[in-house]
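Please examine the structure shown below. The paragraphs that follow treat a pocket and its lining, and then turn to backbone geometry.

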Amino acid sequence: MGRGSRRTRHVTAVGVALDRLAPSAYLATVSLRPTAPLRMPTSQFSGTDRYIADGDLRIAVNAAIALQRPLLVKGEPGTGKTMLAVEVARALGTPLIEWHIKSITKAIHGLYEYDAVARLRDSQLGEARVHDIRNYIKRGKMWEAFASERVPVLLIDEIDKADIEFPNDLLLELDRMEFHVYETQETVRAVNRPIVVITSNNEKELPDAFLRRCFFHYIRFPDRAMMERIIEVHFPNLKGRLVHEALNVFFETRDIPGLKKKPSTSELLDWLKLLLVEDIPPEALKSQDKRGLIPPLYGALLKNEQDVQLFERLAFLSRRQSDGV
């Protein structure tokens with residue numbers, strides 16, 4: 001059999017037709033340079049002016065870089081997992097490559113995609129470009145990271161959205177920092193080992209084999225002192241009294257039993273922004289029994305009807321108690 005027929009992953013009816021159109025000479029034989037030495041960033045991550053990182057998180061980021069292992073970050077939604085990768089790249093002065101995972105995402109999409117349909121169409125139109133199969137191969141985010149001349153930060157965001165086999169399908173590529181392109185018989189090797197940050201919302205368990213290859217960190221929900229520092233970064237001129245009362249409402253809301261979705265850090269920041277826009281005074285947030293009141297502009301904090309109904313029931317019961325019923 002000729003070399004043009006040795007395609008193993010993408011052989012379809014269209015692909016077979018294209019094999020007849022293109023002799024084996026059209027398949028590129030690439031002379032690859034050896035992988036360049038893996039260079040380490042000269043500085044360490046210590047947070048940025050836009051991102052407050054506690055000591056444990058700073059240690060985790062720098063340890064993952066030193067070990068040259070992916071950093072797997074878990075935590076509640078809205079705790080800054082995705083922004084961590086953005087700010088690590090910003091702090092270290094490196095390129096950021098983002099791969100946002102969806103339920104239909106496959107591991108091969110991060111490597112490359114071969115557009116056999118476009119090649120068949122061009123062959124029918126007599127296009128000259130049809131003779132070079134590389135014209136129909138689109139690089140994925142991992143290929144972009146591997147080809148970067150500078151050490152990049154590769155964000156694989158919300159990996160738990162994909163199929164359960166998705167993480168295992170990336171094991172070899174993340175370990176060896178290389179992969180094979182079957183259409184061109186080319187092996188792509190990383191010029192520089194990227195700093196890989198993988199986020200998960202814990203929607204499903206990740207395979208043990210994948211976890212063994214990662215450095216793990218769980219971002220704990222910020223306590224009140226840390227939350228005040230975060231607010232100071234985003235709203236440096238916000239009055240202390242409004243922050244005090246807003247945090248009282250926020251943390252007491254999170255502590256209400258039966259709440260289906262607790263408000264997150266990002267939702268608190270959105271709520272504070274609305275309080276400023278609407279010029280809500282601190283007195284409007286202060287109450288002797290906050291459990292019986294629905295917060296003003298609650299749509300920024302409560303994101304489903306069950307939680308709104310829970311607050312309405314608490315407000316009703318509070319009114320009855322205050323009326324002595």
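How many nonpolar, polar and charged residues does the lining of the largest pocket have? In this predicted model, the lining divides by class into 14 nonpolar, 10 polar and 7 charged residues. The space within the largest pocket comes to about 620 Å³. Its lining comprises 31 residues, of which Tyr51, Thr79, Gly80, Ile230 and Thr265 are the closest to the centre of the pocket.

The lining may also be described by the elements that supply it. At least two residues each come from helix H3 (81-92), strand E9 (215-219), helix H10 (224-234) and helix H12 (265-277). Among the contributors to the lining of the largest pocket, H10 gives the most, with 4 residues.

The backbone deserves separate attention. Most residues other than glycine have a negative phi. Glutamine 68, which is not a glycine, nevertheless has a positive phi of about 60 degrees. This residue is found in the loop that runs between helix H2 (55-67) and strand E1 (71-75). With a relative accessible area of 31%, glutamine 68 is partly exposed, because that class covers values between the 20% limit for buried and the 50% limit for exposed residues.

Asparagine 202 likewise has a positive phi, near 65 degrees, and is a residue other than glycine. Its place is in the loop between strand E8 (195-200) and helix H9 (208-211). Is asparagine 202 buried, exposed or partly exposed? Its relative accessibility is 42%, so asparagine 202 counts as partly exposed.

Key
Residues numbered from 1 in each chain as written. Predicted model: local features only at pLDDT ≥ 70, side-chain atom pairs only at ≥ 80, totals over all residues. Heavy atoms only, no water. Buried < 20%, exposed > 50% of the residue type's maximum accessible area, 1.4 Å probe, protein only. 1 Å grid on protein atoms, 1.4 Å probe; cavity = no way out; pocket = protein on both sides within 12 Å on 5 of 7 lines; lining within 4 Å. Points joined across faces, edges and corners; volume = space filled by probe spheres on them. Nonpolar A, V, L, I, M, F, W, Y, C, P; charged D, E, K, R; others polar.
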